[in-house]
Structures are given as C-alpha cells and as structure tokens.
Amino acid sequence: MKLAVTTGLILLLGSTCLHAQQALVGTYNGTFTAKIRSSSAEIQVGLKLEITSAENGALKGTLINYGTAGCGGQYKLEGTYQDDKLQLTSDKGGRAGDCTLQFQLTAEGNKLVGKMGPNDVTLSK
C-alpha cells in the first residue's frame with residue numbers, strides 16, 4: 001500500500017512539472033525601458049518572446065527586440081526552467097551581429113517577470 005501511494009505521488013508530481021513546463025510554451029509580449037546613451041532620456045522598447053518548446057527543463061524559442069538601436073532584431077534563445085525560474089540566453093544577433101541577450105525570469109501565471117540584462121522586463125501571454 002505504501003509503495004502504491006508513493007508511486008502515485010511521484011507520478012502526480014511528475015505530471016504537474018510537465019504541465020507547468022508545457023504551460024510556458026506560447027507567445028509573450030512586453031517592453032523594457034532603455035536609456036539613451038547620449039542623454040538621460042528613456043524609451044520603451046517592445047519585445048516579443050515565443051517559447052517554442054519546454055521539455056525536461058530545457059527551453060527553446062525566439063525573441064524579437066523591436067528597438068531601433070544596435071541590438072534590435074530577431075534572436076534564437078535557449079535556456080532552462082526549474083521551480084518557476086527561467087534562464088534564457090540568445091545567440092549573437094542585432095544589427096552588427098554582436099549582441100547577446102540574457103534573461104532571468106520568473107513565471108507568474110501568464111506573465112514572465114524579471115531582468116533582460118540590467119533592464120526590468122514584464123512579458124504577458
């Protein structure tokens with residue numbers, strides 16, 4: 001009896017983790033605040049993140065940075081997911097192909113909240 005309960009609990013937890021990962025798959029939109037280097041002005045820059053797969057704690061996706069500065073453009077992303085925490089790193093991209101973006105995010109319902117480099121970011125599904 002104890003073995004059956006333990007096995008059932010393990011299957012339930014495994015199923016819950018798999019569901020949480022699969023719930024991440026989809027398209028998220030949001031913004032971050034960028035500081036303009038030549039002044040103290042700030043602008044909102046749009047982002048579109050698409051998580052295309054979430055399996056065994058591994059994430060893959062793409063990002064469009066709608067900024068007009070050097071790091072604007074499309075990126076491929078890979079990363080990890082554990083305990084509602086996402087770590088994503090891009091391939092090199094941007095106008096000159098020399099930008100790498102890093103995200104540290106927390107899944108909060110249909111939102112991903114955290115940092116893109118030093119910038120605060122919130123993305124909504």
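The largest pocket of this predicted model holds about 570 Å³ of space. Its lining is made up of 22 residues. Phe32, Ala34, Arg37, Ala69 and Cys71 are the closest of these to the pocket centre. Strands β1 and β2 each contribute at least two lining residues. The largest share comes from β1, with 3 residues. By residue class, the lining comprises 11 nonpolar, 9 polar and 2 charged residues.

Attention next turns to the nonpolar core. In soluble globular proteins, nonpolar side chains tend to be buried together. The largest nonpolar core in the model has 25 residues. Four leucines touch the most other members: Leu24, Leu49, Leu86 and Leu112. Eight strands each supply at least two residues of this core. They are β1 (26-35), β2 (42-55), β3 (58-65), β4 (73-82), β5 (85-90), β6 (102-108), β7 (111-116) and β8 (119-124). Strand β2 gives the largest share, 5 residues.

Leu112 shows how such a core member is surrounded. Residues up to four places away in sequence are not counted here. Leu112 touches Leu24, Leu49 and Leu86, among others. These three are also named among the core members that touch the most others. Further partners of Leu112 include Tyr28, Ile51, Leu105 and Ala107. Val121, Thr122 and Leu123 are also in touch with Leu112. Thr106 is another of its partners.

Thr106 lies in strand β6. Which residues does Thr106 contact, leaving aside its neighbours within four places in sequence? One group is Asp84, Lys85 and Leu86. The other is Lys111, Leu112 and Val113. Leu86 and Leu112 thus appear again, both as contacts of Thr106 and as well-connected members of the core.

Two distances add detail on the side of Asp84 and Lys85. Thr106 and Asp84 are 22 residues apart along the chain, yet their C-alpha atoms are separated by 5.6 Å. The side chains of Thr106 and Lys85 are joined by a polar contact of 3.2 Å.

Methods
Residues numbered from 1 in each chain as written. Predicted model: local features only at pLDDT ≥ 70, side-chain atom pairs only at ≥ 80, totals over all residues. Heavy atoms only, no water. Core = buried A, V, L, I, M, F, W, Y, C linked by side-chain atoms within 4.5 Å. Buried < 20%, exposed > 50% of the residue type's maximum accessible area, 1.4 Å probe, protein only. Helix = DSSP H or I, 4+ residues; strand = E, 2+ residues; numbered from the N terminus. Contact = heavy atoms within 4.5 Å. Polar contact = N/O pair within 3.5 Å; in protein donor to acceptor, adjacent residues only side chain to side chain. 1 Å grid on protein atoms, 1.4 Å probe; cavity = no way out; pocket = protein on both sides within 12 Å on 5 of 7 lines; lining within 4 Å. Points joined across faces, edges and corners; volume = space filled by probe spheres on them. Nonpolar A, V, L, I, M, F, W, Y, C, P; charged D, E, K, R; others polar.
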